[in-house]
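User: I'd like a close look at one part of this model, the salt-bridge network, and then how the rest of the structure sits around it. Could you walk me through it?

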Amino acid sequence: MHLSLKLCLHIAQYGGFIVGQLTNSCLLFLILTRAERLFGSYRHVMSVFAFYSLLYTWIEFIAQPVMHIKGSMFIVMLDGPFQFSISSGNDITCLYCACFALCISLLAAQFYYRYIAVCKPDSLESIRGWKLSLIFVPCLICFVAWFACVYYGMHNTVEKQQFMREVMFENYEVDITQESFIGSYYWGYDEDGNRIWRFRDIIGSSGCTCLLIICFSTILFCAFNIYFKLKSAQAIMSAKTRELNRQLFITLTFQTLLPFFMMYCPVGTFITLPFFEMEVGQLGNYVGAAAGTYPAIEPLIAIFCIKDFRRTVLCQRRKRRTDVKFNPSRSSGTRTSSEIPTSSFH
């Protein structure tokens, strides 16, 4: 049955909400109680992302979007447990999409702080104290820009309703004229079969795609530079510090690959496929399922890859020893003000 996939989608969204509340609450507690000695100011960046992830799970729970691709159009339909007027629901769907953008940009902000701390420690003074809030300004810009792209470029229209009405009823048993949604309809056809371009929709989707590329490129740039900076200091590391460095790299790898497969790649593909009129139909709901479960999974990386966090969660006793804190700049004779020793990520 067609509805079975929709049921699986909502089960994943409900599961992501429940587990996300637990994992992000646990991570936030660990940050507030265990992270001051380990991370310095970076704990504030982590706290913001963990707290927002808690809010984002609620946004996912309220929206529970259903997604579908037909021909040259994709649609994101509000299908949550609460009832809204069509116009209010359209606005909420736009906010849901913008909140996704805020989530991915906050993740990029975390990587940027790590990049500054490890690769350019002398620049940490420029984001110390109240100035730390400045790294979140691009995140807010990303939020507003994504909302504008969706609100003005993907708004609900009668033409889109007519185009998607039959397929949405067939697959989800809904009358799309009575539902709230956003969608991009890249082109239609006139009576002679000539293609009619819809440039507003194309510009809106292109803007979202550009924001996706910028955010993920930031993560890749920071991750690779952090890795090569630490790699260059391997020769002067002790065996113990080298092992801590290896564990840090594993953490960075997971925190780079997970959002790629669960956030960036699915959303980018979902936006792009209608350009080629590739109809994946209900499989487009993988995007909603992945976005709904990602905030529940991401905290587990920090919880189990950071040794002090892992020991607390698993109720393991701390060994009485002096932790080795590796600082590549200091080890090479360069003064640094970095607040994130790499051993903090083991």
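Analyst: Let's start with Glu159, which is partly exposed in this predicted model, at a relative accessible area of 39%. Its salt-bridge partner is Arg198, and the closest N and O atoms of the two are 2.4 Å apart. Glu159 belongs to helix 6 (residues 158-172), while Arg198 lies in the loop between strand 5 (195-197) and helix 7 (199-232), so the pair ties together parts that are 39 residues apart in sequence. Unlike Glu159 with its 39%, Arg198 counts as buried, because its relative accessibility is 17% and the cut-off is under 20%.

Next along is Lys160, whose side chain meets that of Asp201 in a salt bridge of 2.7 Å, N to O. This pair also links distant parts of the chain, with Lys160 in helix 6 and Asp201 in helix 7, 41 residues apart. Both ends are tucked away: Asp201 is buried with a relative accessible area of 2%, and Lys160 is buried at 0%. Put the four together and you have your network, with Glu159, Lys160, Arg198 and Asp201 linked through salt bridges.

Helix 6 has another salt bridge to offer, between Arg165 and Asp175, where the closest N and O atoms are 3.6 Å apart. Arg165 sits in helix 6 and Asp175 in the loop between helix 6 and strand 3 (181-185), 10 residues apart. Here both residues count as partly exposed, Arg165 at 44% relative accessibility and Asp175 at 27%. For the whole structure, the search finds 6 salt bridges.

Still in that neighbourhood of the sequence, the backbone oxygen of Asn171 lies 3.3 Å from a polar side-chain atom of Gln282. Gln282 is in the loop between helix 8 (239-272) and helix 9 (285-305), and at 11% relative accessibility it counts as buried.

Now for the nonpolar packing. In soluble globular proteins, nonpolar side chains tend to be buried together. The largest nonpolar core here has 83 residues, and Tyr113, Trp146, Met263 and Tyr264 are those with the most contacts inside it. Helix 4 (residues 86-119) supplies the largest share of this core, 20 residues. Leaving aside residues up to four places away in sequence, Met263 touches Phe100, Cys103, Ile104, Leu258, Ala291 and Tyr294. Apart from that core lies another of 14 residues, including Met168, Val174, Tyr185 and Ala289.

What about the cysteines? The disulfide count comes to 0. Cys97 is buried, at 10% relative accessibility, but its sulfur is 6.6 Å from the closest cysteine sulfur, in Cys94, which is too far for a bond. Cys139 is in no disulfide either, the nearest cysteine sulfur being that of Cys142, 7.4 Å away. Cys139 counts as buried too, at 2% relative accessibility.

One last stop is a hairpin. Strand 1 (residues 66-70) and strand 2 (residues 73-77) run antiparallel and are joined by 5 bridges, with Ile75 in strand 2 as the bridge partner of His68. There are 2 residues between the strands, and Gly71 takes a positive phi near 55 degrees in this hairpin. Since 4 of its 5 residues are buried, strand 1 is largely enclosed by the rest of the structure.

Terms used. Residues are numbered from 1 along each chain as its sequence is written. This is a predicted model: local features need pLDDT of at least 70, side-chain atom pairs count only at pLDDT 80 or more; totals for chains, interfaces and linings use all residues. Side-chain values use heavy atoms; hydrogens and water are left out. Buried means under 20% relative accessible area, exposed over 50%, partly exposed in between (1.4 Å probe, protein chains only). Two strands pair if DSSP finds at least two bridges between them. A polar contact is a pair of N or O atoms within 3.5 Å; within protein, one must be able to donate a hydrogen and the other to accept it, and residues adjacent in sequence count only if both atoms are side-chain atoms. A nonpolar core is a set of buried Ala, Val, Leu, Ile, Met, Phe, Trp, Tyr and Cys residues joined through side-chain atoms within 4.5 Å. Contact means heavy atoms within 4.5 Å. A disulfide is a pair of cysteine sulfur atoms within 2.5 Å.
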